[in-house]
Amino acid sequence: MSVLQTWLVQALFIFLITGSIGVLLDPCGRINPESPVVQLGSNFTAVCVLKERCMDYFHVNANFIVWKMGHFTIPKEQYTIINRTAASVTLTDVTSLNIQLTCNILTFGQIEQNVYGITLISGLPPEKPKNLNCIVNEGKKMMCYWDPGRETYLETNFTLKSEWATEKFADCKTKRDTPTSCTVDYSPVYFVNMEVWVEAANALGKVTSDHINFDPVDKVKPNTPRNLSVSNSEELSSILKLTWINSNIKNVIRLKYDIQYRTKGASTWSQIPPEDTASTRSSFTVQDLKPFTEYVFRIRCMKEDGKGFWSDWSEEASGITYEDRPSNTPSFWYKIDPSHSHGHRSVQLMWKTLPPFEANGKILGYEVTLTRWKSRLQNYTVNDTKLTVNLTNDRYIVTLTARNAVGRSDASVLTIPACDFQGYLAESKCYLITVTPVYADGPGSPVSIKAYLKQAPPSKGPTVRTKKVGKNEAVLEWDQLPVDVQNGFIRNYTIFYRTNIGNETAVNVDSSHTEYTLSSLTSDTLYMVRMAAYTDEGGKDGPEFTFTTPKFAQGEIEAIVVPVCLAFLLTTLLGVLFCFNKRDLIKKHIWPNVPDPSKSHIAQWSPHTPPRHNFNPKDQMYSDGNFTDVSVVEIEANDKKSFPEDLKSLELFKKEKVSTEGHSSGIGGSSCMSSSRPSISSSDENESAQNTSSTVQYSTVVHSGYRHQVPSVQVFSRSESTQPLLDSEERPEDLQLVDNVDGGDGILPRQQYFKQNCSQQETSPDISHFERSNQVSSVNEEDFVRLKQQISGIPQSCGSGQMKMFQEVSAADAFGPDTEGQGERFKTAGMEAVLDEGMPKSYLPQTVRQGGYMPQ
Amino acid sequence: MDLRAGDSWGMLACLCTVLWHLPAVPALNRTGDPGPGPSIQKTYDLTRYLEHQLRSLAGTYLNYLGPPFNEPDFNPPRLGADTLPRATVNLEVWRSLNDKLRLTQNYEAYSHLLCYLRGLNRQAATAELRHSLAHFCTSLQGLLGSIAGVMATLGYPLPQPLPGTEPTWTPGPAHSDFLQKMDDFWLLKELQTWLWRSAKDFNRLKKKMQPPAAAVTLHLEAHGF
């Protein structure tokens with residue numbers, strides 16, 4: 001009311017002013033800002049600017065400005081005079097949501113004239129929306145929801161934005177009444193990831209939530225399974241079969257289910273184990289149910305992988321399991337009418353109806369049979385729960401069974417004692433005394449107890465025997481004494497055991513045990529053990545049993561023998577491995593390899609023939625290995641001193657040239673080849689060496705050969721040239737290996753060859769795929785409708801065929817780009833191999849070709 | 001110890017090398033970038049989903065076109081539908097396509113089909129049909145984006161539409177109403193065939209992106225030496 005008054009005054013004032021000045025609605029000044037929104041708790045400053053003409057008219061300046069908040073005048077301390085026309089006010093810690101702020105001037109000394117007024121609105125900027133999530137109700141549009149954060153006190157707009165990687169969708173603006181959720185106006189596309197975020201904006205700011213990226217199919221809430229129905233089975237009374245109709249989304253995604261059931265009237269639901277219903281289906285058989293019981297079921301479903309939301313629960317459906325035969329017998333009792341006459345008595349038999357969980361169906365009747373002592377049977381079929389019969393005074397046995405549609409229960413047996421039954425109880429006999437309460441509506445549950453008139457010690461002791469005998473322990477066992485010989489309640493047993501010489505030891509054992517373990521026995525000792533059973537009245541010993549503890553515990557021998565054997569085996573293995581690794585050394589020592597000179601070929605020493613393994617100097621180390629078969633000593637001599645030795649031999653050759661006399665001893669001492677071959681030293685016929693078939697003089701042959709040449713370079717190559725000869729003859733496989741290593745990627749040709757084999761193997765089944773695929777492709781040409789009909793079936797078969805096609809193609813693709821090159825490489829490798837094999841034989845022609853050098 | 005002294009040492013060394021290289025085998029390292037596998041799987045699922053969608057859409061639309069188009073044994077010759085990209089292809093040719101070409105063909109086909117389909121959308125009579133067509137268009141747009149995503153993952157450039165060949169829907173007066181319907185019929189049929197083919201294409205790609213175990217073994221052997 002007061003506010004209204006203030007504004008009325010202001011309006012009137014303005015009207016007067018305007019009227020007097022002649023300008024319509026022209027206030028005397030202005031407040032800046034005009035419609036401010038400030039954050040709660042912050043400071044706010046407003047400036048009031050007076051107009052010159054007003055100031056002149058009223059004779060005021062900025063010093064005359066008075067700020068008011070509603071009716072309260074703001075203290076002068078909060079004012080700041082900016083200049084003659086303007087003054088500001090600062091409000092600290094704004095806490096009210098809505099403030100009327102006016103700028104007034106004091107005219108004529110005391111009269112407050114309102115100049116201008118503003119409404120200050122305060123609130124909070126929006127908080128970042130949290131927990132953004134979306135749900136796609138099957139067949140409906142997508143709805144996203146979020147947590148908007150704190151109250152802002154201002155009008156806050158939420159905008160849901162969504163986009164694909166390639167495209168933006170229209171914004172979704174929230175409705176005023178649901179500011180925390182928004183339903184987009186397009187159906188989401190499954191299997192395309194989309195990015196969604198929400199933007200909250202008000203006058204104080206704008207914030208964006210975290211972006212979420214998802215596939216709408218992972219946010220699906222399927223429609224509820226429809227038409228749930230329950231049917232029972234006559235074969236099995238413990239099962240019920242549920243059937244339902246899935247929602248259409250089963251064509252797009254796989255589903256899993258949640259099935260709950262309860263007996264009718266129960267309040268808690270039982271759950272079918274989820275793993276049993278983890279795949280798309282339209283029926284399920286629930287097992288382990290009780291017979292003839294009504295169950296209520298409900299079902300819901302969701303995407304198989306658990307992404308998304310459970311559908312709503314289906315409507316409940318109920319069904320009754322089929323009947324089973326009664327699982328229990330009725331409680332049964334009799335009543336004898338005391339007023340009996342001349343040898344007959346009237347007996348009333350009565351029983352209880354079975355509770356439903358035992359009846360397992362509708363009880364159609366009861367069958368009672370009466371049997372007199374060793375006499376004929378009397379049968380009765382009764383619908384009621386009682387039967388009155390006239391009996392003689394003899395003893396009778398009565399049986400009762402309940403019957404339903406499926407079968408009958410086990411028989412309940414009752415003995416009606418003879419009329420003149422007199423009790424006689426013997427001492428030391430066990431009696432079972434049973435007391436059954438009889439209520440008005442029948443018997444209660446009976447209670448039994450065992451009792452003796454008078455106990456006596458057992459007439460026989462228990463027979464003990466060993467169950468297991470160990471090195472230091474023995475497990476004893478015995479049987480419970482038969483009731484006939486117990487003569488009382490067995491309270492405890494005592495076990496006595498002793499060695500041949502030692503004292504007897506006694507152990508008390510509780511009567512409930514039938515087994516006892518004797519421990520800390522001495523090994524390899526004879527023990528005698530016997531046992532006594534005690535009643536309250538005394539005990540009786542049983543027969544003595546002897547056993548001998550073994551010398552070794554079980555497994556002890558094995559524990560010793562096995563490690564020893566293993567150790568031996570290991571040693572042998574290591575020895576063999578060592579011998580294997582050092583076989584060259586051993587071979588050299590035991591049977592050194594003596595080259596057969598008769599197999600040597602003189603031409604192969606040709607100095608022009610490049611040694612195979614010297615193609616690549618780096619591989620020298622490998623070729624060295626080739627010599628192991630010849631003689632390690634030689635090789636070492638060769639390796640270490642090849643150059644000086646050769647130099648020496650060069651000198652020697654020169655000397656020989658001078659002396660013309662081949663000093664075999666000299667050569668033998670210097671030449672590595674001759675050092676191990678005594679036969680060489682024996683050769684002194686230079687000329688005969690030219691004949692390659694001559695016995696063993698190849699050392700001298702070379703010698704002479706070089707002698708006819710200029711003995712400079714050839715001398716070095718002489719020792720070298722022998723290497724490939726020996727290599728190729730003795731270790732052809734090494735040569736190949738060297739070849740393989742040669743190229744650096746030496747293993748490649750072999751491997752590629754293997755790969756080629758692979759791809760060749762795989763191409764063989766290819767033909768059949770091709771044919772099959774052709775059939776599939778022919779479907780392409782068929783008419784559209786048939787395609788439509790088959791389309792659900794074909795892609796699967798197509799897919800499987802395709803998989804095979806793919807495998808074969810992938811094999812080809814994986815190696816495809818290389819196959820041609822491989823082929824070539826393979827060919828060249830093969831060539832090389834052929835060359836390797838042919839090399840030793842083709843040495844002679846080669847030397848002719850290469851240098852024309854021929855042994856003379 | 002000389003490595004070549006015995007084969008056993010060589011084998012031991014080989015075994016050690018294999019073990020050493022085992023962590024480096026890409027097939028065994030699943031922690032890193034998942035690669036294009038998931039997006040291809042998604043695209044495959046999408047084609048199957050679209051197939052399913054189209055089945056009901058085509059039924060509705062053909063009913064809208066009326067007889068003889070909605071008759072089950074209607075099999076007209078392909079007249080005037082030459083501008084539509086053809087999905088049927090010789091099997092040998094299809095098999096010999098490389099990944100890039102395969103994806104490019106798919107992308108181009110759907111760009112064209114989408115354009116035609118949008119024309120269909122404008123013509124459709126009932127609101128319900130318009131709505132399902134619009135949703136199908138959006139889905140197809142999604143498929144295009146999906147294919148583009150797979151191509152980007154595999155490092156293939158997107159095909160640039162040639163200026164002038166950009167298909168436009170012209171409900172020209174040259175077409176009689178029947179021929180117009182025939183075009184619509186063929187568009188739907190071609191779409192169905194394309195979706196079927198794409199499912200095969202992406203199934204193939206999907207399997208190719210999971211290298212068979214045998215290749216890993218071979219790879220290891222090569223490392224070992």
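**Exercise 1. Work out what share of the contacts in chain B with a separation of 6 or more comes from residues 24 or more positions apart, and describe the chain in which these contacts are found.**

Solution. In this predicted model, a contact is a pair of heavy atoms within 4.5 Å. Taking the contacts of chain B with a separation of 6 or more, one finds that 85% are accounted for by residues 24 or more positions apart. The next step is the secondary structure, which in chain B comes to seven helices and zero strands, so that reading along the sequence gives the pattern α-α-α-α-α-α-α. Turning to exposure, buried residues make up 44% of the 225 residues in chain B, and carbon and sulfur atoms hold 61% of an accessible surface that comes to about 11,200 Å².

**Exercise 2. Determine in which order the four strands of the open sheet in chain A are arranged, and explain why β29 and β32 of chain A are each left with one side lacking a neighbour in the sheet.**

Solution. The order in chain A is β29-β28-β31-β32, with antiparallel pairing. Because β29 (377–382) and β32 (412–416) of chain A stand at the edges and each have a single partner strand, one side of each has no neighbour in the sheet. From one strand to the next, the twist averages 20 degrees.

**Exercise 3. Identify how many bridges join β31 and β32 of chain A, and which residue of β32(A) is the bridge partner of A:I397.**

Solution. As a general step, strands of a sheet pair through backbone hydrogen bonds, either parallel or antiparallel. Strand β31 (residues 396–404) of chain A pairs with β32(A) in the antiparallel sense, over five bridges. Within β32(A), the bridge partner of A:I397 is A:T415.

Conventions. Residues are numbered from 1 along each chain as its sequence is written. Chains are lettered from A and ligands numbered from 1 in the order in which they are written. This is a predicted model: local features need pLDDT of at least 70, side-chain atom pairs count only at pLDDT 80 or more; totals for chains, interfaces and linings use all residues. Side-chain values use heavy atoms; hydrogens and water are left out. Helices (H or I, at least four residues) and strands (E, at least two) are DSSP runs, numbered from the N terminus. Buried means under 20% relative accessible area, exposed over 50%, partly exposed in between (1.4 Å probe, protein chains only). Accessible areas come from the Shrake-Rupley method with a 1.4 Å probe; for residues, only the protein chains shown count as cover. Two strands pair if DSSP finds at least two bridges between them. Axes are lines fitted to C-alpha atoms, for helices over the stretch in contact, and angles run from 0 to 180 degrees between N-to-C directions.
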